Amino acid sequence: MVKVKVKAEPNNFFTPSRIIFYGFSIVVFYFAVHYIGKLKDIEKLMMQMDPVWLFLAVLAQLFTYLIYASIIKLLVKDKPGSTNFFLLFKLSIVIMFVNQVLPTGGISGDGYIFNQLVKRKVSRYNAFTAMVLESISYYAAILILLLIFYTWYLNEAKHDTILITYTVILGFVFYVLLFVLVLIISNGRNISFAMHRLEKFSFIKRLIEKASLLSLQNENEGTFKMLGRKKRLYYKPLFYNFSLL
Amino acid sequence: MSDIVTVWALIKGFHVDMSFPLVAFGLLLSLVIGALPISPGSLIVYESAMTYFFTKLGAPVHAALIITLLYRFLTFWLPIPIGLLVYRNLQRNRKVQVS
């Protein structure tokens, strides 16, 4: 007979993370109330919508989570730890929400999923590599689609607006910068340099130690080398990200 | 293509005449603005940008606004309660596994 040992937990309703969680919930609730107010105003227009198209829209959204879970499953399939597709599907819902709330080009959600994968016995190296590949394939997919559709727009559009051009340029600069940033931080030597710099701050040092991120500086071989060895690792996530957008 | 199909289905649902590439381009432009860390969840910024771009690309203003609000409902507001529930569920399962 297996004995299950249940730890008696202290009353920790007011830990910093919980206070942030409560504060965030209040802010979300406040905005949600305002948002629902807006929806009521447009209720009559909503009723005009064909339910078949609404169903298709909801179904397409469901597919975004399924595709994201497939990307992560694909990237950690060699050593999946204790993950399964349903767990990755649930994680994809949470990280889509994290990415929406903290818009940092996907970096905030990647940090969350990295922690979750590591907690579920996926090796730090595999989880980190998966996050790097997922990020760069997402940025590459956005850049390629932006280029294709902007070229199409320039050929087809009757008149261009300067703001659209500026937004396209901004998009290219922003996503190229993120792409380069992720490639830089994926290199073992750069991780080592950044860790030692950040260790000066005691709060960040504790976080680094807690997440055992220092091991990454030794394990990580860098994205360029890795892609050189496993080119197929990149093409599939890129294709999946095209489907996601 | 899932996100683009979502907006395209909403546009078709409101009988707005916009081609698929135009919808895709409008959404990509909105994504660019939405990705910038301006406000939490890009609130107001995303809605304004999406309504502006879809209006500029040929949708009537009232249709662009309602499509934006519905799209944001499906992609932002709806996943919040579901995401919070799933988050708590993942935390609870993790604690059970640890103990």
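What share of the contacts in chain B between residues at least 6 apart in sequence join residues at least 24 apart? The share is 51%. The model behind this value is predicted.

## Fold of chain B

Chain B has 5 helices and 0 strands. Read from the N terminus, the order of elements is α-α-α-α-α. Chain B is more spread out than a compact globule, because its radius of gyration is 17 Å, well over the 13 Å that the globule rule gives for 99 residues. The C-alpha trace spans about 60 × 30 × 20 Å along its principal axes.

Burial comes next. In chain B, 60% of the 99 residues count as buried. The chain exposes about 3,800 Å². Carbon and sulfur atoms supply 68% of that area.

## Nonpolar cores

In soluble globular proteins, nonpolar side chains tend to be buried together. Here the largest nonpolar core has 83 residues. Its residues with the most contacts inside the core include A:L117 and A:Y175 from chain A. From chain B, they include B:V7, B:M18, B:F25, B:F54 and B:I67. Helix 6 of chain A, residues 124-156, gives the largest share of this core, with 16 residues.

A second core is separate and has 5 residues. Among them are B:L43, B:F76, B:I80 and B:L84.

B:V7 shows the setting inside the largest core. Its neighbours within four places in sequence aside, B:V7 contacts B:V23, B:L27, B:M50, B:F54, B:I67 and B:Y71. Two of these partners, B:F54 and B:I67, are also listed with B:V7 among the residues with the most contacts in the core.

## Two buried threonines

B:T6 sits in helix 1 of chain B, residues 2-13. Its relative accessibility is 0%, so B:T6 counts as buried. Beyond residues up to four places away in sequence, B:T6 touches both chains. On chain A, the partners are A:A57, A:A60 and A:Q61. On chain B, they are B:Y71 and B:L74. B:Y71 is also a contact of B:V7.

B:T51 belongs to helix 3 of chain B, residues 45-56. B:T51 has a relative accessible area of 12% and is therefore buried, as the cut-off is under 20%. With neighbours within four places in sequence left aside, B:T51 contacts B:V61, B:A64, B:L65 and B:T68. Those four partners fall within residues 61-77, the span of helix 4 of chain B.

## A buried salt bridge

Side chains of opposite charge can pair when their charged atoms come close. Over all chains, the structure holds 1 salt bridge. The pair is B:E47 and B:R72, with the closest N and O atoms 3.1 Å apart. B:E47 lies in helix 3 of chain B and B:R72 in helix 4, so the pair ties together parts that are 25 residues apart in sequence. Are B:E47 and B:R72 buried or exposed? Both are buried.

## A nonpolar surface patch

Which residues make the nonpolar surface patch of about 690 Å²? They are A:I162, A:L163, A:Y166, A:I169, A:V173, A:L177 and B:Y52. Helix 7 of chain A, residues 162-185, supplies the largest share, 6 residues. Chain B is represented in the patch by B:Y52.

A:L163 is one of the patch residues. A:L163 is found in helix 7 of chain A. Its relative accessibility is 41%, so A:L163 counts as partly exposed.

Key: Residues are numbered from 1 along each chain as its sequence is written. Chains are lettered from A and ligands numbered from 1 in the order in which they are written. This is a predicted model: local features need pLDDT of at least 70, side-chain atom pairs count only at pLDDT 80 or more; totals for chains, interfaces and linings use all residues. Side-chain values use heavy atoms; hydrogens and water are left out. The radius of gyration is taken over C-alpha atoms; the globule rule is 2.2 Å times the number of residues to the power 0.38. Buried means under 20% relative accessible area, exposed over 50%, partly exposed in between (1.4 Å probe, protein chains only). Contact means heavy atoms within 4.5 Å. Accessible areas come from the Shrake-Rupley method with a 1.4 Å probe; for residues, only the protein chains shown count as cover. A nonpolar core is a set of buried Ala, Val, Leu, Ile, Met, Phe, Trp, Tyr and Cys residues joined through side-chain atoms within 4.5 Å. Patches are made of residues with over 30% relative accessible area and no salt bridge: like charges are joined within 9 Å, nonpolar side chains (Val, Leu, Ile, Met, Phe, Trp, Tyr) within 5 Å. A salt bridge is a side-chain nitrogen of Lys or Arg within 4 Å of a carboxyl oxygen of Asp or Glu.
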